[in-house]
Amino acid sequence: MLYLDTRDKNFKVDFKSAVMGGMNAATGGLYVPESFPKIEFEKFSENPDFRKVAFEMISPYVGDEIPESDLRRLIDDAYPFDPRLEKIDDKSYVLELFHGPTCAFKDFGARFMARAMSYFNRGSEGRLHILVATSGDTGSAVGSAFHNVEGLDVTILYPEGKISPLQEKQLSTFTGNVRALRVKGTFDDCQKLVKTAFTDSSLRNKFRLSSANSINISRLLPQSFYYAHAALQARRENPGKKIIAVVPSGNFGNLTSGLIAREMGAPIEGFVATTNSNHTIPDWIATSRYEPRPSVETFANAMDVGAPSNYERISYMYSLEEVRKLFASFWLDNDGIISAIRECHEKCSYTIDPHGAVAYKAWQEIVAGGLSKISRDADIKKPGLTPNVPDWADCVSDCVGMILETASPAKFGQTVKLATGKEPALPERLERVMELPDNSVPMENDYGKFSAWLEENLH
Ligand SMILES: *Cc1c(COP(=O)(O)O)cnc(C)c1O
């Protein structure tokens with residue numbers, strides 16, 4: 001399989017180069033597979049193992065660059081946990097993606113990427129050093145995914161005092177090959193230090209540096225596995241019904257993975273693209289104008305993205321007209337998030353996190369007939385469904401919704417408590433993290449000091 005650059009149609013790379021390079025630095029373009037091979041999903045047994053589906057789906061993208069037995073081992077090692085599909089009412093499922101080590105869906109992408117990078121790095125001289133700036137959840141997924149992975153070191157930079165105590169524990173308690181620097185500055189300062197290091201030739205001459213960016217195709221492809229696996233289960237339980245995936249989105253990586261699963265033949269009829277008050281994509285669908293903007297802070301903070309990076313892939317893969325046929329779209333403000341968590345708790349006895357709550361509310365509005373009431377000149381500055389009617393709108397009564405639950409509600413206990421009056425219990429693996437000692441290293445917001453630390457500590 002070759003990977004095409006979204007900005008230069010003559011530029012193609014193999015899987016290894018796409019994984020190790022992340023993007024085409026010369027053009028700033030992202031990689032997209034040149035085709036999406038169809039899988040005969042019918043051939044799977046009644047209740048296929050997740051790793052079996054994963055292996056079948058990833059194989060064509062890897063080709064002969066990783067031998068079959070190594071690839072099977074890699075998949076098994078990446079996924080000692082499963083996605084779980086829970087029915088919450090007649091027409092709705094919640095697809096729980098938080099049963100991995102950091103209790104958020106990013107584990108699915110990050111753990112595959114870490115192992116693919118380690119595989120391609122083996123036999124090369126010296127270690128590969130991953131630098132990552134984080135405002136919270138990405139860092140813990142990446143740190144955890146690379147922890148004890150052969151040949152790789154990770155340095156995480158996070159803004160001191162600007163992430164939650166639980167998030168900080170999830171970043172700062174690693175030992176061995178994953179280290180965290182708590183920077184006296186903002187997330188943007190952290191990002192700037194990392195970017196400066198990547199362009200520092202004296203550093204690059206001594207060390208092999210890489211990023212673990214969310215735009216890496218090896219984080220996107222594995223997220224397609226759970227869409228297909230869950231859609232097969234939903235179809236089995238609802239013969240003749242169509243399946244709609246409802247996706248709480250920030251950078252739209254998760255939704256792009258859903259599109260990949262659908263292209264490969266997974267039984268998904270359409271999507272609902274949902275956001276918090278950062279509604280750049282819903283506005284694009286409504287107005288045809290893509291206007292990236294600074295992000296605003298919300299309760300669903302992992303979706304606080306004003307310039308979604310995967311817009312570039314989605315608009316490369318589809319025309320706006322195709323997007324409008326495939327997607328309903330919706331956004332919700334902070335008040336709406338709180339009342340959605342409460343409503344889900346009261347109506348379905350299900351405790352949902354602030355991110356999943358956005359998708360829950362969108363699907364409830366659609367089931368209640370929201371798409372047939374849409375007015376073309378609705379005010380897009382008000383939360384709710386975007387004035388767009390997808391092709392599947394007239395068969396909503398024959399659909400079931402798959403609401404993607406991207407994080408455990410326990411990670412957002414305070415917000416959930418605001419809505420339900422009760423803080424969810426921490427899963428055991430998070431409780432354990434809270435008890436570990438903090439190993440983070442203090443760091444000034446100063447490139448000279450940061451590079452000196454790298455010189456001293458990278459090997
Ligand atoms: C990252 C994240 C999202 C957004 O996913 P994208 O792929 O960026 O759209 C949603 N929910 C949670 C909990 C996340 O960590």
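Let me start with the overall dimensions. For 459 residues, a compact globule would have a radius of gyration near 23 Å, and this chain comes out at 21 Å, so the two agree. Keep in mind that we are looking at a predicted model. Along the principal axes, the C-alpha trace spans about 60 × 50 × 40 Å. As for secondary structure, the chain has 19 helices and 15 strands.

Now to the ligand. How many residues surround the ligand, and which are the closest? There are 15 of them, and K106, G250, N251, F252 and T406 are the closest. Sorted by class, this shell divides into 6 nonpolar, 7 polar and 2 charged residues.

I will go through the polar contacts one at a time. At N251, a backbone N or O atom lies 2.8 Å from an oxygen atom of the ligand. G253 also takes part through its backbone: a polar atom there is 3.1 Å from an oxygen atom of the ligand. With T406 it is the side chain, where a polar atom lies 2.7 Å from a nitrogen atom of the ligand. How much of the ligand does the protein cover? On its own the ligand has 380 Å² of accessible area, and the protein covers 96% of that.

Next, a pocket. The second largest pocket has a volume of about 310 Å³. It is lined by 13 residues, and those closest to its centre are P101, S144, H147, F174 and V433. By class, the lining has 5 nonpolar, 6 polar and 2 charged residues.

Which helix gives the most to that lining? The answer is α18, with 4 residues. Helix α18 covers 428–435, and α5 covers 137–146; each of these two supplies at least two residues of the lining of the second largest pocket.

To recap the two sites: the ligand has 96% of its accessible area covered by protein, and the second largest pocket, at about 310 Å³, takes 4 of its lining residues from α18.

Conventions: Residues numbered from 1 in each chain as written. Predicted model: local features only at pLDDT ≥ 70, side-chain atom pairs only at ≥ 80, totals over all residues. Heavy atoms only, no water. Near = heavy atom within 4 Å. Polar contact = N/O pair within 3.5 Å; in protein donor to acceptor, adjacent residues only side chain to side chain. Areas by Shrake-Rupley, 256 points an atom, 1.4 Å probe, with all protein chains shown as cover. Nonpolar A, V, L, I, M, F, W, Y, C, P; charged D, E, K, R; others polar. 1 Å grid on protein atoms, 1.4 Å probe; cavity = no way out; pocket = protein on both sides within 12 Å on 5 of 7 lines; lining within 4 Å. Points joined across faces, edges and corners; volume = space filled by probe spheres on them. Rg over C-alpha atoms; globule rule 2.2 N^0.38 Å.
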